[in-house]
Amino acid sequence: MNNGNYMGQGGFHWFTGLVEDRNDPLKAGRVKVRILGAHTSDKTILPTEDLPWSLVMLPITASGVSGIGQSATGLLEGSWVFGFFRDGERSQDAVILGSLPGRPSKVADITKGFNDPNGIYPRYINEPDVNRLAVNDPDKPHPSLAIDAANRVTGIQAYNSEWDQPASTYGAIYPYNSVYESESGHIVEFDDTKDHERIHIRHRSGTRTEITANGDQLAIIKGDNYIIIDGNNKVYIAGSSDLTVNGNANIRAAGNVGVLASNIDMVASGNIDISAGGDVTIKGARIDLNP
């Protein structure tokens, strides 16, 4: 006969606490949590290293099997969390259900429990834990906005014109911008703010791609760019195209090179060299050669 004495029948014993260690030696996503009411804040009595490891629950979008889906590595030292004890009143087998953002009022005190022992988090006080790009407080802007504005390139010389790198169309209104930011500063935004709908992916170096509300795409690469295509490549441009190269521009083709245009103008500050393993044919109604 079932006596009801099994997991799930002993009452739901929940808790809140603060993560003080995430360096799980098993690399299984576990964290050490100091729990309100169960643990003292006195680290001389209960140091961080003596706290038990707690499992972390993943959402249904992560399998929790063989590394498929997102990893269980999002929590930080200093994260407030909510969870429950699988062993009920014994309170030794904890599971973390989620994190609890708030509005910190003071920096971490590394001498006490219920604080980030590394003294890093919270980064900001007297403001919400929601990402600054999602909040968009003009008095407390996200640092990346000033960095990207300062690095904007203008006055780019094209063949017979000049153009500027477009400015970011960021204009988020809370709560419509969904933001993910990693510890080192990688950022992903899905912004649904009316008339400012954007998708933005940014590396901490400043390399970024932004898709604006009207579908324009701005790509900035703060370094070298390599594209390897194991197949054919076709590019169709309905409008005009400008290419400005401050260094050398080299084109090498193992096969034929064909250029078809109504007009061809070739202007270079340096030399123009045309080499072919076969014939070179130039056809035109009028050909001017001015040495």
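I started with the largest pocket, which holds about 2800 Å³ of space. Of the 50 residues lining this pocket, I251, I264, M266, I272 and I274 come closest to its centre. A pocket here is an open set of points on a 1 Å grid over the protein atoms alone, with protein on both sides within 12 Å along at least five of seven lines; lining residues have an atom within 4 Å of a point. The volume is the space filled by probe spheres set on the points, which are joined across faces, edges and corners.

A note to self: this is a predicted model, where local features need pLDDT of at least 70, side-chain atom pairs count only at pLDDT 80 or more, and totals for chains, interfaces and linings use all residues. Residues are numbered from 1 along each chain as its sequence is written, and side-chain values use heavy atoms, with hydrogens and water left out.

Next I looked for cavities, meaning sets of grid points where a 1.4 Å probe fits but cannot get out. I found one of 30 Å³ or more, and the largest has about 70 Å³ of space. Its lining includes R202, G206 and R208.

Those names led me to the strands (DSSP runs of E, at least two residues, numbered from the N terminus). Strand β10 (residues 198-202) runs antiparallel to β11, joined by four bridges; strands pair if DSSP finds at least two bridges between them. I201 stands opposite T209 in β11. The two strands form a hairpin with five residues between them, and G206 in the turn has a positive phi of about 110°.

On its other pairing, β11 meets strand β12 (residues 217-220) in the antiparallel sense over four bridges. Here T209 has A219 as its bridge partner. This hairpin also has five residues between its strands, with G215 in the turn at a positive phi of about 95°.

Which side chains of β11 (residues 208-211) are buried? I noted R208 and E210, which point to one face, while T209 and I211 point to the other and are not buried. Buried means under 20% relative accessible area, exposed over 50%, and partly exposed in between, with a 1.4 Å probe and protein chains only. In a regular strand the side chains alternate between the two faces of the sheet.

Last, I visited L58, in the loop between β3 (53-56) and β4 (80-85). L58 counts as partly exposed because its relative accessibility is 26%. Leaving out residues up to four places away in sequence, L58 touches G64, Q70, S71 and A72, where contact means heavy atoms within 4.5 Å.
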